[in-house]
Amino acid sequence: MHLMKWLYPGMGFKRWLLVFAIGTLCVGLGVALIFNYKYIDSIEEAIFRFVYTWRGSYSYGFTAIAGALILGLGSALMLVATRHIIRAVITVLMPEGTSTRLVDLVYEKTRLSRGPAVTVIGGGHGLSVLLRGIKELTSNVTAVVTVADDGGSSGRLREELGIIPPGDLRNCLVALADTEPLMEKLFQHRFEGESNLAGHSFGNLFLAAMAEVTGDMETALRESSKVLAVKGRVLPASKESVRLDAILEDGTIVEGESHIPEVPGRIRRVRLYPQDVTPVPSALEAIRTADAIILGPGSLYTSIMPNLLVNGVAEELRKSRALKIYICNVMTQPGETDGYTAAMHAEAIIRHAGRGAIDFMLVNNASISDELREKYATEGIEPVTVDEEAINALGIGFVAADIINQSDAVRHDPDKLSRNVMRMIYDFRVS
C-alpha cells in the first residue's frame, strides 16, 4: 500500500507521527476533563446497550474492541491528514509538473543523504560520467574540478573576462543536476553561426555572468546549484588563472593544456604556471572529511594532474584516511598516454602526488569488440593493458570489472562505474 511507505525505516516520519498522536491524545483528555467524564460514560453506556441488545450479554472486552477500532480510525485519519498537510506545503515549493509521488521524493532524499561522503577529483567528460551515476547512490558528493582548460569556449571566456574556465564546472553541474531535461539541454546548448556567440555554450555564459554578479566562481557555482537542484557540490580546485605546462622526456616544454596532446613525445611530468597556486579552502575540506576520494576517470595529465598540483591538494590527499580509488582509463590517449599500461597511469600519479595518493585502482576487464579495436587503431588508440604484477609492485590493490559501454564507442558506463565504485567503498573502507 502506497500510504505505508511513510512508515519505512529511516524516513524520520514515525517519531513525529507518534508525537502528533500523543498531542492529539492530550487534547482529547483535556477536553474530557473540561467537559466532565460523564460524556465518556455516555459513550460507554451506549456501547453497553448496543451489545446487550444484540447478544443479551456484555463483557469489558467489547468496550476494548470498540476502543481499538476508534484508535485505529483516529490513527489512519491522522496519517492521511498529516500527509495531505505536508503535500499542500510541498506542492508550493516543488517545481510545477513534478509527477513523482511525495513519499518517493522524501524516501529517496533521505536514502541518498545517508550515503558515504565521496570527493571526486578530475575534469573533462570522464568526471561528469561518474557523477551522473554516483548521484543516484549518494547525495554527499563533492566534485573538485580542474581549472587549467584553455581551449574552446572556456578558453575564450577565460581570456576575455579573466575568469577561471567554466566548461568542466558546467558539465559537472549538469551531471549532478536533478532537474527537467529542458534545463539540461539549455545549459548544454551551444550557439552556432558566425556571431561572437558562436561556439559558446549557454551554461558557460550563465556561469560567467553569475560569477560577475556574485563576485567569484565558487559563489556562482553554489547559487547555480540551486537553480539546477544539484545533488552535491561542484568546486574549482583554485580560483586563480593558471596554465598547465608539460615537460617531455627530451626536455621540450609544451605550454598550455590544449597544446599538450598536439606535440609528439612522452610526458615526463606536468606543472602549473604560476607554481604557487592558492587552493579553494572548501575543496581541501572536502578531501579532508571524505569517506572516499576518487581520482578520475579522465585525461591523466590534463584533467587529473592539474588538481594535484594546486597547493595543499596532494598533501591532503596523502594524509587523508579516506579510501582512495583511481579509476584508470580504458583506452590510451594520443599525445598523453601512448603505450601506457594501467600501472604506468598509477605511477604517473604517484610521481606527481606522492606515495599514499592511491589505495586501489578500478580497471576494466570487459573485452572490446574487434570492430571498435580496428576503429581506434586507425587513430593510434589502443586498450590499456592491465599489468597486475606491476600494479601490486606499486603497493596498490586493484579491482577489475566491466565498467564500459561500447555501443558506438568505448566509454565508461555511468551505472556500471558508480555501482563498482560504491561496492569498493563499502568493501574496503576503514571504519
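Let me begin with helix α11 (residues 281-288), whose buried residues are S282, A283, L284, A286 and I287, where buried means under 20% relative accessible area, exposed over 50% and partly exposed in between, computed with a 1.4 Å probe on protein chains only. What covers these buried residues of α11 includes β1, β2, α10 (217-228), β3, β7 and α13 (313-319), a statement about contacts, for which heavy atoms have to lie within 4.5 Å. Helices here are DSSP runs of H or I with at least four residues and strands are runs of E with at least two, numbered from the N terminus. P281 also has its place in helix α11, but P281 is exposed, because its relative accessible area is 59%. The C-alpha atoms of P281 and S238 are separated by 8.8 Å, with their positions 43 residues apart along the chain.

Before going on, I should say that this is a predicted model, in which local features need pLDDT of at least 70 and side-chain atom pairs count only at pLDDT 80 or more, while totals for chains, interfaces and linings use all residues. Residues are numbered from 1 along each chain as its sequence is written, and side-chain values use heavy atoms, with hydrogens and water left out.

For the chain as a whole, there are 17 helices and 12 strands, and buried residues make up 45% of the 431 residues. If we take the contacts between residues at least 6 apart in sequence, 72% of them join residues at least 24 apart.

Now to the sheet. It is an open sheet of 7 strands in the order β3-β2-β1-β7-β8-β9-β10, with parallel pairing, and two strands are taken to pair if DSSP finds at least two bridges between them. Which strands stand at the edges? They are β3 (233-236) and β10 (397-401), each of which has a single partner strand, so one side of each is left without a neighbour in the sheet. Neighbouring strands of this sheet are turned by 20 degrees against each other on average, with direction ignored; the axes behind such angles are lines fitted to C-alpha atoms, for helices over the stretch in contact, and the angles run from 0 to 180 degrees between N-to-C directions.

Within the sheet, strand β1 (residues 118-122) runs parallel to strand β2 (residues 141-145) and is joined to it by 5 bridges, with A143 in β2 as the bridge partner of V120. β1 is also joined to β7 by 4 bridges, again in parallel, and there T119 stands opposite I293 of β7. β7 in turn pairs with β8 in the parallel sense over 4 bridges, and L323 in β8 is the bridge partner of A292. In a regular strand the side chains alternate between the two faces of the sheet. In β7 both faces are covered, with A292 and I294 buried on one side and I293 and L295 buried on the other.

Two helices lie across β1, β2, β7 (292-295) and β8 (323-327): helix α5 (residues 124-134) runs at about 160 degrees to β1, and helix α12 (residues 300-308) runs at about 120 degrees to β1.

Let me turn to a helix pair. The axes of helix α6 (residues 152-161) and helix α9 (residues 202-214) come within 10 Å and cross at roughly 25 degrees. The contact is made by S153, S154, L157 and L161 of α6 together with N204, L205, A208 and E212 of α9.

Helix α9 also holds L207, which is buried, with a relative accessible area of 0%. Leaving aside neighbours within four places in sequence, L207 is in contact with P166, L169, R170, L173, M217, A220, L221 and S224. The C-alpha atoms of L207 and E223, 16 residues apart along the chain, are separated by 9.7 Å.

A loop residue gives another buried position: T337 is found in the loop between β8 and α14 (342-353), and its relative accessible area is 0%. Not counting residues up to four places away in sequence, T337 touches L300, Y301, T332 and H345.

Finally, the cysteines. How many disulfides does the structure hold? The structure holds 0, a disulfide being a pair of cysteine sulfur atoms within 2.5 Å. C172 is buried, with a relative accessible area of 0%, and C328 counts as buried at 2% relative accessibility.
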